[in-house]
Amino acid sequence: MAKTIIISNRLPVQLQINNGSINAIPSVGGLATGMKSVHSGSESLWIGWSGLTDEDTPPELEDAIDKALKENGCAKVKLNAQEVDGFYFGFSNRTVWPLFHYFLKYSEFELDFWNTYKAVNQKFADAIIEKSDEDDTIWVHDYQLMLVPQMVREKRPNTSIGFFLHIPFPSYEIFRTLPWREEILEGLLGSDLIGFHTYDYERHFLSSVRRLLGLEVSFNEIYLDNRVIKVDSFPMGIDYKKFRDAALVQVERKQDNRSDLQQRLDDHKASAPDTKLILSIDRLDYSKGIAKRINAFEYFLNKYPEYKEKVRLIILAVPSRSNVPQYQLLKKEIDELVGRINGELSTVNWTPIWYFYRSLPFENLIDLYTSSDIAWLTPLRDGMNLVAKEYIATRTDKSGVLILSEMAGSAYEMNEALLINPNNFEQQADTLHQAITMPLEEQQSRNTFLQKRLERYNVEVWANEFMSALNQKKTAGHAYISQ
Ligand code: GDG
């Protein structure tokens, strides 16, 4: 029976080694949840890196690891520490990530990184070939694996291959600076279907294909040899029900069952009922615009001093890629900014910024979403931004205001949010003022539209639409009949 093979850098389970026994804990991330309908039963297999390098894996546990993964419908690609360094921390996160998020000056063009990226992509492709059959359907995820489609295509000319990019695809003017730009495009073009979050990313990709490879491109199809490659946008949704239900449970939770964080938030509300909580949640990443947001908050407090002691900014910054130098610098910059602003503005009764540098359990995430009057998300570039969608899904009484950067993919679907340019402090200060003073009826009317859309186009629909577009392509066959 034909299978679906999902392939991503990391597997949707986390391995824990306890006294020589292995536990595979399913992860609760958006991708893992969304793929549930695709990754179920014996007809699917998820291939990826387990998160343990060869050096960290006791050889006597290899079989137990494989068994634990198999029970979860997974199989691993083995990587050593040097491969993880060059492929993941190197080319993926020091070359592609900054470039695709328009941070050209951070992008490092290192031949060693590139060579390791190629070698590791080949390892993933070999694992697919080994574990799949010709009539299986293959879905490759994200920027770490852009060469995999072509590497598989070489050995399996008739297999159906889809690729989805979770980050932006940059404009041709940015993309063309990459020394290995043709190889990356050719790698992606091994696919039958290439998906992006937005129509703009799709257009940027098509433009690069046309201008760099000189291929024939018509509307959203690319003609290569005897194949037609389809390019389309599939904006990723969230598990709407999971977030809404968690918020309902949280709201109904009995007094004595509240989390410590929730108690603190409730105490804060009780002691200062007219104070507004403004929330931001991101991985600590320069693309998320956290430092600029803090500066914009200071600007806002200077422009509207009447809000001093009346607003509080909560920043949850989740540690990420902390052995990449740019991330270490950013951490230092944010620590200093928060320290300076709190030092200068705090009063006996008020600290303007609550800063958490950690990952919180899911329940606490819900506590933050449901307790905050405003979510303020200011990425300088973001493929989609699921936090914006999750905040809205948890607002069960439809109150709350979302201020969202135009530079996030999600802004295209969330017109009822207050959209801002993260570089414009004046506009952001005025928008914060607008959010704080927005009448409840207006909040509810905006959120009604947003929630309806998020509920309908949830992550399962996203995964199913991609798969059915790929399957349609399969049924239509690969042949390109010249007109
Ligand atoms: C990439 C693209 C695209 C955050 N803090 C905690 C926590 N989270 C969860 C959120 C959300 C996820 O992490 C973050 O997703 P985003 O979409 O906002 O951002 P990236 O991590 O950069 O994701 C992005 C996405 O891929 C999907 O294609 O939208 O543009 O960059 O789900 O809830 N979860 C828990 N504790 C935390 O402290 N449990």
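**Figure 1. Helices α11 and α15 cross in this predicted model.** Here we look at helix α11 (residues 290–303) and helix α15 (residues 425–436), whose axes come within 9 Å and cross at roughly 65°. The crossing in which α11 passes α15 is right-handed. On the α11 side, look for Ala296, Tyr299, Phe300 and Lys303; these meet Phe425, Gln428, Ala429 and Leu432 of α15. Sorted by class, the residues of this contact are 6 nonpolar, 1 polar and 1 charged. Helix α11 also lies across β12, β13 and β15, and runs at about 170° to β13.

**Figure 2. A parallel sheet is built from 6 strands.** If you trace this open sheet from one side to the other, the order is β14-β13-β12-β15-β16-β17. At the edges sit β14 (353–357) and β17 (418–420), each of which pairs on one side only. From one strand to the next, the twist averages 20°. For a closer look at one pairing, find strand β15 (residues 374–377) and strand β16 (residues 401–405), which run parallel and are joined by 4 bridges. Trp376 is a handy landmark here: its bridge partner in β16 is Ile403.

**Figure 3. The ligand is surrounded by 19 residues.** The closest of these are His166, Leu360, Gly383, Met384 and Leu386. Four elements are worth picking out, as β12 (276–283), β13 (311–318), α13 (362–371) and α14 (386–393) are those that give two or more residues to the shell. Which element gives the most to the shell around the ligand? That is α14, with 3 residues. The shell as a whole has 11 nonpolar, 5 polar and 3 charged residues.

**Figure 4. Helices α10 and α13 run roughly parallel.** The axes of helix α10 (residues 260–271) and α13 come within 9 Å and cross at roughly 15°. That small angle is why α10 counts as roughly parallel to α13, since the cut-off for this description is under 35 degrees. The crossing of the two helices is right-handed. In the contact, Leu261, Gln262 and Leu265 of α10 meet Asn364, Asp367 and Ser371 of α13. By class, these residues are 2 nonpolar, 3 polar and 1 charged. Helix α13 also appears in the ligand view, as one of the elements that give two or more residues to the shell.

**Figure 5. Helices α4 and α5 meet at an oblique angle.** Helix α4 (residues 111–131) and helix α5 (residues 148–155) have axes that come within 9 Å and cross at roughly 45°. The two helices are therefore oblique to each other, and α4 passes α5 in a right-handed crossing. From α4, the contact takes in Asn121, Gln122, Phe124, Ala125, Ile128 and Ile129, while α5 brings Val148, Met151, Val152 and Lys155. The residues of this contact divide into 7 nonpolar, 2 polar and 1 charged.

**Figure 6. A mixed sheet is built from 9 strands.** This open sheet follows the order β5-β4-β1-β6-β7-β8-β11-β10-β9. Its edge strands are β5 (74–77) and β9 (216–218), and each of them pairs on one side only. The twist averages 20° from one strand to the next. To see how edge strand β5 is held in the pairing pattern, find strand β4 (residues 44–49), which runs parallel to β5 and is joined to it by 4 bridges. Within this pairing, Ile47 has Ala75 of β5 as its bridge partner.

Methods. Residues are numbered from 1 along each chain as its sequence is written. This is a predicted model: local features need pLDDT of at least 70, side-chain atom pairs count only at pLDDT 80 or more; totals for chains, interfaces and linings use all residues. Axes are lines fitted to C-alpha atoms, for helices over the stretch in contact, and angles run from 0 to 180 degrees between N-to-C directions. Angles under 35 degrees count as roughly parallel, over 145 as roughly antiparallel, 65 to 115 as roughly perpendicular and the rest as oblique. A crossing is left-handed if the near helix is turned anticlockwise from the far one by less than a right angle, and right-handed if clockwise. Two residues are in contact if their C-beta atoms, placed from the backbone, lie within 7 Å. Ala, Val, Leu, Ile, Met, Phe, Trp, Tyr, Cys and Pro count as nonpolar, Asp, Glu, Lys and Arg as charged, and the others, Gly among them, as polar. A residue is near a molecule or strand if its C-beta atom, placed from the backbone, lies within 6 Å of it. Two strands pair if DSSP finds at least two bridges between them.
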